[in-house]
Amino acid sequence: MSDEEIEREIGLSREDHENRNQFNELPTGLLKPSPEDYTIWKDDNGRPWKLNAEPNAAYHQPYPVPIAFIRAHLSKFIPAMKIPNLK
């Protein structure tokens with residue numbers, strides 16, 4: 001498929017996809033755990049942020065995949081290796 005065909009199908013241009021991180025937002029103020037779900041944290045504006053499971057968080061770090069895999073699973077037993085990842 002060409003870029004134009006993909007854009008028509010999904011409604012997102014290659015340029016918009018490649019520059020999508022410029023629109024990332026950060027939490028406002030402090031993050032506090034939500035009483036109803038331990039994986040949801042809320043910022044001072046009440047906006048929810050999802051805490052990803054440790055194996056998912058490890059793959060978003062700048063490590064080669066084999067190292068990320070090992071860290072993700074060792075961190076279950078070695079708390080110092082945990083990598084927080086809120087989205």
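# Notebook: strands, salt bridges and a surface patch

**Entry 1: Thr39.** I began with a single residue, Thr39, which is found in strand E2. The model I am reading is a predicted one, and I keep that in mind for every value noted here. Is Thr39 buried or exposed? With a relative accessible area of 12%, Thr39 is buried, because the limit for that class is under 20%.

I then looked up what surrounds this residue. Leaving aside residues up to four places away in sequence, I found that Thr39 touches Trp49, Lys50 and Leu51. Its side chain makes a polar contact of 2.8 Å with the side chain of Asp37, and a further polar contact, of 2.9 Å, joins the side chains of Thr39 and Lys50.

**Entry 2: the strands around Thr39.** From Thr39 I moved outward to the strand that holds it, E2, and asked how E2 is paired. E1 and E2 pair in the antiparallel sense over three bridges, and a hairpin joins E1 to E2 through two residues. Which residue stands opposite Asp37 of E2? I found Ser34 in that place, and I noted that Asp37 is also the residue whose side chain is in polar contact with that of Thr39.

E2 has a second pairing, with E3, again in the antiparallel sense and over three bridges. Here I looked up Trp41, whose bridge partner in E3 is Trp49, and Trp49 is among the residues that Thr39 touches. The hairpin formed by E2 and E3 has five residues between the strands, and Gly46 in that turn has a positive phi of about 80°.

**Entry 3: the whole chain.** To place these strands, I read the protein from end to end and counted four helices and three strands, which follow one another in the pattern α-α-β-β-β-α-α. Buried residues make up 18% of the 87 residues in the protein, and Thr39 is one of those classed as buried. The protein exposes about 7,000 Å², of which carbon and sulfur atoms supply 58%. I also looked at contacts between residues at least 6 apart in sequence, and noted that 27% of these join residues at least 24 apart.

**Entry 4: salt bridges.** How many salt bridges does a search of the whole structure find? It finds five, and I followed up three of them, beginning with the one between Asp3 and Arg14, where the closest N and O atoms are 2.8 Å apart. This pair links distant parts of the chain, since Asp3 sits in helix H1 (residues 3–10) and Arg14 in helix H2 (residues 14–18), eleven residues apart. Both ends are partly exposed, Asp3 with a relative accessible area of 33% and Arg14 with one of 47%.

Arg14 has another partner in Glu18, with the closest N and O atoms 3.4 Å apart. In this case Glu18 and Arg14 both lie in helix H2, four residues apart, which is about one turn of the helix. Glu18 is exposed, at a relative accessible area of 52%.

The third bridge I followed joins Glu25 to Arg47, with 2.7 Å between the closest N and O atoms. Glu25 lies in the loop between H2 and strand E1 (32–34), while Arg47 lies in the loop between strand E2 (37–42) and strand E3 (48–50), so the pair ties together parts that are 22 residues apart in sequence. Glu25 is exposed, with a relative accessible area of 52%, whereas Arg47 is partly exposed at 32%. Going back over the shared partners, I noted that salt bridges join Asp3, Arg14 and Glu18 into one network.

**Entry 5: a nonpolar patch.** Last, I turned to the surface and asked which residues make the nonpolar patch of about 510 Å². They are Phe69, Ile70, Leu74, Phe77 and Ile78. I looked more carefully at Leu74, which lies in helix H4 (residues 65–74). Is Leu74 buried, partly exposed or exposed? At 37% relative accessibility, Leu74 counts as partly exposed, because this value falls between the 20% and 50% limits.

Notes. Residues numbered from 1 in each chain as written. Predicted model: local features only at pLDDT ≥ 70, side-chain atom pairs only at ≥ 80, totals over all residues. Heavy atoms only, no water. Salt bridge = Lys/Arg side-chain N within 4 Å of Asp/Glu carboxyl O. Buried < 20%, exposed > 50% of the residue type's maximum accessible area, 1.4 Å probe, protein only. Pairing = 2+ DSSP bridges. Contact = heavy atoms within 4.5 Å. Areas by Shrake-Rupley, 256 points an atom, 1.4 Å probe, with all protein chains shown as cover. Polar contact = N/O pair within 3.5 Å; in protein donor to acceptor, adjacent residues only side chain to side chain. Patch = residues over 30% accessible without salt bridge, like charges linked within 9 Å, V, L, I, M, F, W, Y side chains within 5 Å.
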